[in-house]
Amino acid sequence: MEVSLLFKIGAVGILVSVLCQILKHSQREELAFLTSLTGLLLVLFWVLPYIYDLFTTIQDLFAL
């Protein structure tokens with residue numbers, strides 16, 4: 001796993017947290033929820049290839 005991916009995930013987390021706090025204080029809870037959901041999906045799409053590689057490696061390991 002690349003270190004830059006961890007920095008990207010951290011940056012998205014900080015950005016989503018700040019945006020959610022701003023939206024919650026301006027009485028827009030629905031948009032805050034959608035913002036956090038979007039951040040979660042973005043990070044999931046970044047990590048999905050690594051999860052696929054993990055399961056492929058585990059499958060090859062136990063396919064004796």
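Helix H1 has 23 residues and stretches 34 Å from its first C-alpha to its last, close to the 33 Å expected at 1.5 Å a residue. (Helices here are DSSP runs of H or I with at least four residues, numbered from the N terminus, and the expected span is 1.5 Å times one less than the number of residues.) This is a predicted model, where local features need pLDDT of at least 70 and side-chain atom pairs count only at pLDDT 80 or more, while totals for chains, interfaces and linings use all residues. Residues are numbered from 1 along each chain as its sequence is written, and side-chain values use heavy atoms, leaving out hydrogens and water.

Next comes helix H2. Its 34 residues should span 50 Å at 1.5 Å a residue, and its end C-alpha atoms are 46 Å apart, which agrees. H2 also bends by about 40° at valine 47, with proline 49 following within four residues. (The bend is the angle between axes fitted to the seven residues ending at a residue and the seven starting there.)

So what is tucked away in each helix? The table lists the buried residues, meaning those under 20% relative accessible area with a 1.4 Å probe, protein chains only; exposed means over 50%, and partly exposed is in between.

| Helix | Buried residues |
|---|---|
| H1 | Leu5, Val12, Val16, Cys20, Leu23 |
| H2 | Ala32, Thr35, Gly39, Val43, Val47 |

The two helices help hide each other: H2 is among what covers the buried residues of H1, and H1 is among what covers those of H2.

Seven residues make up the largest nonpolar core: Val12, Val16, Cys20, Leu23, Ala32, Val43 and Val47. H1 (3-25) and H2 (29-62) each supply at least two of them, and the largest share, four residues, comes from H1. (Such a core is a set of buried Ala, Val, Leu, Ile, Met, Phe, Trp, Tyr and Cys residues joined through side-chain atoms within 4.5 Å.) In soluble globular proteins, nonpolar side chains tend to be buried together.

Take valine 12 as one example. Leaving aside neighbours within four places in sequence, valine 12 is in contact (heavy atoms within 4.5 Å) with Gly39, Leu42, Val43 and Trp46.

Tryptophan 46 has another partner too: lysine 8 lies over the face of its ring, at 5.9 Å from the ring centre. (That takes NZ of Lys or CZ of Arg within 6 Å of the centre and within 35 degrees of the ring normal.)

Finally, the loop between H1 and H2 holds glutamine 27. Most residues other than glycine have a negative phi, yet glutamine 27, not a glycine, has a positive phi of about 60°. Glutamine 27 is exposed, with a relative accessible area of 59%.
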